[in-house]
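Student: I'd like to learn how to read a model like this one, feature by feature. Please give me the general idea each time, and then the case at hand.

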Amino acid sequence: MKLGNLIIAGLTTGSIYAVFAVCVSVWYRVSNILNLAVGDFAMAGALGVDNLYRVKSWPLPAAIAATLAVVIVFAYLYDLVVLRLAQDGPRRQEGIVITFFFTFALSFFIDGVAKILFGTDVHAAPALWNGGSLTVASSLHIERAGVLVLACALIIGSAFWLYIRYTLGGKAMEACGENPLGARIAGIDTRRYRRHIFVGTAVIAAVFGIVESPITGFTYLSGATISLTGFIAAAYGGFRKPGRALLAGLAIGILEALLGGYVSAEYGDTVLYAILAALVLGWPRAMGFESAVSG
Amino acid sequence: MNPVNPAAPGSPAAPGSPAGSATRAGSATPAAPALAVRGLSVAYGDMVAVHDATFSIAAGEACAITGPNGNGKSSLLMGIAGLIRRRGRVEIFGAVAPSGDVRWAARHGLTLVPERRQLYPGLSALDNIMLGCYCWTSSLRRARNSRPFGTAIDLFPELKGQLRQQAGTLSGGQQQMVAIMRGLASDPKILAVDEPCLGLAEAVARRVYAALAEIHEAGTTLIVVEEAPKRALTICNRRVEVRNGVVLDTP
C-alpha cells in the first residue's frame, strides 16, 4: 500500500511538471522561444484569485474571471509589443537572446509586480472541490485537488497531442517553428499562431495555478521553480513534443516520489537528477535532446 | 515602359478550384493576364534590390526569369508573392494583390516554390506536402482527399516509399521534389519556381524539369527563375531578364 500511495503522490507532482512541460514545449514548437515565464502566470493566477477572494471579498467566480481577464490582456499586450518587435520588427533578434532573454525578463517583471500586489507570504486560491481526501480500497488516499490536477494534465496534454497529430492547423503550428519563412510561403500566419499559443498557454498556466495552489501553496517567487521543473520535463520531449513532455512529467513525478519513499527523503532529488542526467548522457537522441540543442 | 500583354494566351488556366477554395480570380475578364506587375520596387533598407519592374505574363505561358546571381531575381519573386515588403502594383488574374499577404496570393492562384526549398525538416514529407493545402482548407481529411493533393502525390511516383520519412533526412533532389509537390498541393494557377536545380545532379535536374513541363502542359502558368537560362528555355516560351534590379522584358 505504501507503493500505491507513493505512486498517487508522484502522479500529483508529476501532473504539475507535465502541465508546464506541455505549455513550454507547445509554445517552443511555434516560436522557438522557451517560455520561462509560464510558471509566473500560474503564480499570478493563484495569488490573484486568492487576493480578490480573501482580501477583497469578491465572489469566487468573479475573482477567477477577473484574474484570467488580466492574464489574457497582459499576455496579449506582451506579445503585441515585445515579442512582435523582437521577432518580426526591423531589428530582429536571434539566437540565445530571443530564446531565453525576453521571457526571462518577463518572469522577473511579473515576480516584482506580484511582490508589490500580494506580499511575500504563502497563499493559495480556495480549493475548488472541497472535502476530505478520498479513500480507495481502504488504504489508498487521494487528495481531491490531486484528482483535479491529474485530470487537467491529461486533458491539456492529450488535447495538444491530438491537435498536432490529427488537424492541419496543428501541423501548420508545427511548421511555424520548423521554418517560419517556409510556413509563410504556405500561407500560414506565423504571427497569429505565436500570439494565440502564447496567450493560450498563459491562460492554461493561470487556470492550472488556481487548481493546483491548494496542494503546494504559492509565494510571489514560486513561478520560477515551477517553470524550471516544467522545463526539465519538456527537455525530455525535445521541447517540441507535448505528448512526450506529458509522459515525461508524470514519469519524473513518480520517480521522485518513489526515490523519496524508498531511497532517501533527503537525497531523493539528488538521486533523481543524477538519473535524469545519466539518461541524457546515455541516450541523447532517444531523449530528444539533440534537436533541442541544435534548434 | 508599357506592360506587355500578349493577345493569345497559349492554353487557358485550368478552371475549377478545390472545394471550398474562395477564388475570385474566375470573375476577372478573360483578357486579364495571369500576372501583371507594374512599377514594383523592393528594397532592403537603403539597398534597392528591384527597381520599378513592369511586365506581365499571360495565362498558360511559361516564363523564364533570368539574370546573374544577386541581381534581384529572387527579390522580385518574393515581392510578387508578398513575402517581403514591396512598392508598386501586382495583379493576379486582374485582381489587385494586397502587399504582404502571401495567403491572399496563394488563394488567388499564385504559389511560390522558394529558393533553397524552405521545407519543414522535422515533419514528414507527407505533412510537408499536405501543408500546401493550408491556403484553401483547414481540414486534414479534405486536404487528403482533394484533387490537388492527389495530383501532387502523383507527380513524383518514385517518392512514394519515402513520404513517411522526415523531410530533413531526404536527399537534396528529393527535397526539391517535395517542395514542388507542396506548391502543387495549393492548387496553383501560377506556379513560380525559384532556382529548382541549385546543387542537384544532372539526372535529377532533368527529372525536375520534366515534372515542371508536365505541370505546364496541364494548364498551369509557369514562372521559372534560373541563373543560367539554357535549361529554363527548353520549356519556357518567354524570357524576362533581370539586371542590377532592372527588368528587361524580351518577348
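**Reading the model**

Tutor: Let's start with a helix and its surroundings: the cover over the buried residues of α6(A) includes α1, α5, α7 (180-185) and α8 (190-216) of chain A, along with α3 and α4 of chain B. Cover is read from contacts, meaning heavy atoms within 4.5 Å. Keep in mind that this is a predicted model, where local features need pLDDT of at least 70 and side-chain atom pairs pLDDT 80 or more, while totals for chains, interfaces and linings use all residues, and side-chain values use heavy atoms, without hydrogens or water. As for labels, residues count from 1 along each chain as its sequence is written, and chains are lettered from A and ligands numbered from 1 in the order written.

Student: How many residues of helix α6 of chain A are buried?

Tutor: Two terms come first. Buried means under 20% relative accessible area, exposed over 50%, and partly exposed in between, using a 1.4 Å probe and protein chains only. Helices (H or I, at least four residues) and strands (E, at least two) are DSSP runs, numbered from the N terminus. In α6(A), residues 168-178, 11 of the 11 residues are buried, so the helix is largely enclosed by the rest of the structure. Among them are Lys171(A), Glu174(A) and Glu178(A).

Student: What does the side chain of Arg29(A) make polar contacts with?

Tutor: A polar contact is a pair of N or O atoms within 3.5 Å; within protein, one must be able to donate a hydrogen and the other to accept it, and residues adjacent in sequence count only if both atoms are side-chain atoms. Here the Arg29(A) side chain pairs with that of Glu174(A) at 2.8 Å and with that of Glu178(A) at 3.1 Å. Arg29(A) sits in helix α1 (residues 2-31) of chain A and, at 4% relative accessibility, counts as buried. Beyond four places in sequence, the residues Arg29(A) touches include Met173(A), Phe239(A) and, over in the other chain, Leu123(B).

Student: Is Val149(A) buried or exposed?

Tutor: Val149(A) is buried, at 0% relative accessibility. Its place is helix α5 (residues 144-166) of chain A. Neighbours within four places aside, its contacts include Ile16(A), Phe208(A), Val211(A) and Ile215(A). Distance along a chain and distance in space are separate readings: Val149(A) and Gly187(A) are 38 residues apart, with 38 Å between their C-alpha atoms, while Gly268(A) and Glu256(A) are 12 residues apart, with 6.6 Å from C-alpha to C-alpha.

Student: Over to chain B. Which residues of its helix α5 are buried?

Tutor: In α5(B), residues 147-155, they are Pro148(B), Phe149(B), Ala152(B), Ile153(B) and Leu155(B). Looking down the axis, these buried residues fall within an arc of 155° (taken from the directions from the helix axis to the C-beta atoms), so they line one face of the helix. Their cover includes α3 (125-130), α4 (140-144), α6 (172-185) and α7 (202-217) of chain B. At the N-terminal end, Ser146(B) is the cap, with a side-chain oxygen 3.3 Å from the backbone nitrogen of Phe149(B).

Student: What is the order of the strands in the open sheet of chain B?

Tutor: Two strands pair if DSSP finds at least two bridges between them. The 4 strands run β2-β1-β4-β5, with antiparallel pairing. At the edges stand β2 and β5 (95-96), each with a single partner strand, so one side of each has no neighbour in the sheet. Strand β1 (residues 35-44) is joined to β2 (residues 47-57) by 7 bridges and to β4 (residues 87-92) by 5 bridges. Follow Ala36(B): its bridge partner in β2(B) is Ser56(B), and in β4(B) Glu91(B) stands opposite. The β1(B)-β2(B) hairpin has 2 residues between its strands, and Gly45(B) in the turn has a positive phi of about 65°.

Student: How many residues does each chain bring to the contact between them?

Tutor: Chain B gives 24 residues and chain A gives 22. Buried area is the accessible area (1.4 Å probe) that two parts lose on being put together, summed over both. The two chains bury about 1,900 Å², 65% of it on carbon and sulfur atoms. On the chain B side, Tyr120(B), Tyr134(B) and Leu140(B) lose the most area, together 32% of what that side buries.
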